[in-house]
Amino acid sequence: MKLDIAELCAGYGSKRVIDQLSLSIASGEILTFIGPNGCGKSTLLKTLARILKPQGGTVLLDGKNVHTMNTALLAKRLAVLPQIHAAPGDVTVRNLVEFGRFPHHGSWRAPSVHDREVVERILAMTRLTELASRRIANLSGGERQRAWIAMTLAQEPEVLLLDEPTTFLDVCCQFEVIELVRRLKCELGITVVMVLHDLNLAARCSDRLAAIRDRRIFRVGTPCEILTPAFLREVFHIEARVMLDEDGVPFFLPSGSCREVRS
């Protein structure tokens, strides 16, 4: 499922955060938006998800404008997990995942055999079967995030938008979430578009990175093409040593700030 962003403008009132931004995201690709705080990453994702109305330009899902598509139809093809989400404390993991089937049966029809089969399959894929009866409030941070991702997968989307899916998680849980994202691509062929702050995690799980600067796409490419000392210096104002791990994935070790101090 291809996603095309054409001359997109977005913001809040008179404040323009994204301006004339264009990018094509291939079907089955994992693309991660990166950039310093306040550059517009989350605003962009909200606009792609139709949470925020664009001030100009278009977002096309296989050639169809997402902002004019039928809501129910769009929900069957595109799912979004915002950075902040909450559920009532008495909701169980299975209940939460079942909510993801709503676009397929609505409020007027009871879940079908297929709906139940999808829920069980997603619980197994996200390693939540043994936790299905546990309340969301009683899960660890990593388990809770997997449950929310499972809910979006129950929509059976072709495109998944994730806004900072590893925020507030410990290192092990962060890797569990990232590994799950990679599995989604390999096993389901889902197109995944994410926002991540951790550049090393982004490099490990993404096919391409797209850096936002000055309200537009500053640079886009593979992790090896993007994650260089010069890029880190120019965009994030840090000095860093970039290396490759045994799989050829780049990672960096920062050594200090190189931001100019204005008097």
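In this predicted model, Met69 sits in the loop that runs between strand 5 (64-65) and helix 2 (71-77). Being in a loop doesn't put Met69 out in the open: the residue comes out at 9% relative accessibility and counts as buried, because the cut-off for that label is under 20%. Setting aside neighbours within four places in sequence, the contacts of Met69 are Arg50, Leu61, Lys64, Leu74 and Arg77. Pro254 is another matter, with 185 residues along the chain and 44 Å between C-alpha atoms separating it from Met69.

Leu128 is also a loop residue, placed between helix 5 (113-125) and helix 6 (141-153). Its relative accessible area is 0%, so Leu128 goes down as buried. What does Leu128 touch, once residues up to four places away in sequence are not counted? The list reads Val93, Leu123, Glu143, Arg146, Ala147 and Ala150. For one of these, Glu143, the C-alpha separation from Leu128 is 7.8 Å, with the two positions 15 residues apart along the chain.

Glu187 belongs to helix 7 (residues 171-188). With a relative accessible area of 47%, Glu187 is partly exposed. Asp19 lies 168 residues from Glu187 along the chain, and the C-alpha atoms of the two are 35 Å apart.

Backbone angles turn up a couple of residues worth a look. Most residues other than glycine have a negative phi. Arg215, which is not a glycine, has a positive phi of about 70°. Where is Arg215 placed? The residue is in the loop between strand 9 (208-213) and strand 10 (216-221), and at 38% relative accessibility it counts as partly exposed. His237 isn't a glycine either, yet has a positive phi of about 60°. This residue lies in the loop between helix 10 (229-236) and strand 11 (238-244). At 29% relative accessibility, His237 counts as partly exposed.

On to the aromatics. How many aromatic pairs does the count come to? The tally is one, made up of Phe231 and Phe236. Their ring centres are 6.1 Å apart and the planes meet at 65°; since over 60 degrees is the cut-off for edge-to-face, that's the label the pair gets. Phe231 and Phe236 are both buried.

Zooming out, the protein chain has ten helices and twelve strands. Its radius of gyration is 19 Å, close to the 18 Å from the globule rule for 263 residues, so the chain is as compact as a globular protein of that length. Along the principal axes, the C-alpha atoms fill a box of roughly 60 × 40 × 35 Å. Among contacts with a separation of 6 or more, 62% are between residues 24 or more positions apart.

As for burial and surface, 48% of the 263 residues count as buried. The chain's accessible surface comes to about 12700 Å², and carbon and sulfur atoms hold 52% of that area. The charge tally is 33 positive and 30 negative, and the mean positions of the two sets are 5 Å apart.

Conventions:
Residues numbered from 1 in each chain as written. Predicted model: local features only at pLDDT ≥ 70, side-chain atom pairs only at ≥ 80, totals over all residues. Heavy atoms only, no water. Helix = DSSP H or I, 4+ residues; strand = E, 2+ residues; numbered from the N terminus. Rg over C-alpha atoms; globule rule 2.2 N^0.38 Å. Buried < 20%, exposed > 50% of the residue type's maximum accessible area, 1.4 Å probe, protein only. Contact = heavy atoms within 4.5 Å. Areas by Shrake-Rupley, 256 points an atom, 1.4 Å probe, with all protein chains shown as cover. Lys, Arg positive; Asp, Glu negative; His and termini not counted. Charge placed at Lys NZ, Arg CZ, Asp CG, Glu CD. Phe/Tyr/Trp six-rings, centres within 6.5 Å; stacked < 30°, edge-to-face > 60°.
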